[in-house]
Amino acid sequence: MELDLAGRSILVTGGSGGIGSIVAEYFAREGADVTVSARGREKLEQTKAEIKSRAGTDVRVAEMDVTDAESIAIAVQSVVDATGRIDAVISSAVDVVGGLPGSPSEVDVTSLGNAIDVKVLGILRLAQAVIPHMKSNGYGRIIGVGGASARQIGSASASVRNSALAALCKNMATELGPHGITVNVIHPGAVLTERNRPRVEAEMERNGGTFEEAEARMATTIPVGRMIHPEDIASLAMLLASPAGGAITGQTIAVDGGSTTAITY
């Protein structure tokens with residue numbers, strides 16, 4: 001399938017590590033003009049060098065704080081100035097990975113508010129900044145990275161912020177569809193990022209075998225037999241960002257290896 005991503009202007013938030021950096025790298029491998037954003041310039045430059053080393057291609061970097069509308073406006077304008085447009089944004093910025101400790105009656109309200117400010121209000125601020133540019137081009141893709149916890153209990157904080165993200169994006173999809181703009185959410189399952197690799201390595205040291213065998217032992221509840229890799233998220237993001245994904249909007253799609261037991265339709 002031809003995704004037609006070469007030369008397209010792609011902005012990835014939360015791109016200085018984890019899922020975001022791999023998503024940015026894979027778009028760059030497809031020939032897209034990628035801008036990676038996050039709050040820290042030093043980490044952004046490090047990510048840029050890593051992508052260059054692995055993929056042999058350059059990405060642009062732009063500091064951005066998704067809780068600050070002015071910071072977003074400056075970063076978005078820098079992308080438009082450099083590329084002439086913004087074709088797609090992938091919002092993977094997070095304040096906290098996983099759930100905050102505590103049941104609903106115990107969770108820290110301020111911490112939960114901060115997490116919502118980054119993940120939910122962050123994509124809203126970003127969308128409001130890029131929508132005028134996308135409308136003028138008659139083409140746009142807004143993709144939020146949520147979490148499978150939106151579809152199950154166990155972490156009240158993660159369920160709340162990720163389900164709120166899905167609800168917001170569904171509403172935006174209805175509004176923006178007539179303008180050639182699609183809005184979707186990807187719900188990753190247990191992702192093997194640099195944060196989780198030490199856990200797999202510890203399992204390998206305890207019980208032997210290869211890294212892949214240790215990973216499989218830790219993923220016994222995942223039907224595909226392994227954890228989700230950031231590349232899995234990137235593959236779906238590229239489809240959704242491409243013209244081939246033009247009829248997919250208002251959807252929340254899990255990339256969880258089949259681990260979520262709820263029936264969603």
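The expected span of a helix is 1.5 Å times one less than its number of residues. This rule gives a handy check on helix α5 of the predicted model. Helix α5 covers residues 156-176, and its 21 residues should therefore span 30 Å. The C-alpha atoms at the two ends of α5 are 30 Å apart, so expectation and model agree. Helix α1, which covers residues 18-29, can be put through the same kind of check. With 12 residues, α1 should span 16 Å, and its end C-alpha atoms are 17 Å apart, which also agrees.

With the helix lengths checked, the sheet can be taken next. Seven strands make up an open sheet: 7 strands in the order β3-β2-β1-β4-β5-β6-β7, with parallel pairing. At the edges stand β3 (60-63) and β7, and each has a single partner strand, so one side of each is left without a neighbour in the sheet. From one strand to the next, the twist averages 20°. As a general point for readers new to sheets, strands pair through backbone hydrogen bonds, and the pairing can be parallel or antiparallel.

Two of the pairings can be followed in detail, and both involve β2. Strand β2 (residues 33-38) runs parallel to β3, and 4 bridges join them. Within this pairing, T35 stands opposite R60 in β3. Strand β2 also pairs with β1 (residues 9-13), again in the parallel sense, over 5 bridges. Here V12 stands opposite V36 in β2. How enclosed is β2 by the rest of the structure? Of its 6 residues, 5 are buried, so β2 is largely enclosed.

Helix α1 gives a similar picture of burial. Of the 12 residues of α1, 10 are buried, so the helix is largely enclosed by the rest of the structure. The buried residues include G18, I19, G20, S21 and I22, and V23, A24, E25, F27 and A28 are also among them. Just after α1 comes G31, which takes a positive phi of about 90°. In general, most residues other than glycine have a negative phi. Against that background, D4 is worth a look: its phi is near 55°, a positive value in a residue other than glycine. D4 lies in the segment before β1. With a relative accessible area of 38%, D4 is partly exposed, because this value falls between the limits of 20% for buried and 50% for exposed.

Returning to α5, what does this helix lie across? Helix α5 lies across β5, β6 and β7, and it runs at about 160° to β6. Its buried residues include S157, A158, S159, R161, N162 and L165, and A166, L168, C169, M172, A173 and L176 are buried as well. These buried residues pack against three strands and a helix, namely β5 (140-145), β6 (181-188), β7 (252-255) and α4 (109-137). Helix α4 is also where G113 is found. G113 is partly exposed, with a relative accessible area of 36%. Along the chain, G113 and S157 are 44 residues apart, while their C-alpha atoms are separated by 9.4 Å. S157 is one of the buried residues of α5.

Rings and charges were examined too. How many aromatic pairs does a search of the whole structure find? The search finds 0 aromatic pairs. The ring of Y139, however, has charged company. The charged end of R8 sits over this ring of Y139, 4.5 Å from its centre. The charged end of R141 likewise sits over the ring of Y139, at 4.2 Å from the centre.

Two further residues round off the picture. D58 is found in the loop between α2 (41-55) and β3. At 48% relative accessibility, D58 counts as partly exposed, because exposed means over 50%. Leaving aside neighbours within four places in sequence, D58 is in contact with K48 and K52. The C-alpha atoms of D58 and P243 are separated by 23 Å, and the two residues are 185 residues apart along the chain. Y265, in turn, is found in the segment after β7. Is Y265 buried or exposed? At 96% relative accessibility, Y265 counts as exposed. Y265 and G14 are 251 residues apart in sequence, and their C-alpha atoms are 29 Å apart in space.

Note on methods:
Residues are numbered from 1 along each chain as its sequence is written. This is a predicted model: local features need pLDDT of at least 70, side-chain atom pairs count only at pLDDT 80 or more; totals for chains, interfaces and linings use all residues. Side-chain values use heavy atoms; hydrogens and water are left out. Rings of Phe, Tyr and Trp (its six-membered ring) pair if their centres lie within 6.5 Å; planes under 30 degrees apart count as stacked, over 60 as edge-to-face and the rest as tilted. A charge sits over a ring if NZ of Lys or CZ of Arg is within 6 Å of the ring centre and within 35 degrees of the ring normal. Buried means under 20% relative accessible area, exposed over 50%, partly exposed in between (1.4 Å probe, protein chains only). Contact means heavy atoms within 4.5 Å. Two strands pair if DSSP finds at least two bridges between them. Axes are lines fitted to C-alpha atoms, for helices over the stretch in contact, and angles run from 0 to 180 degrees between N-to-C directions.
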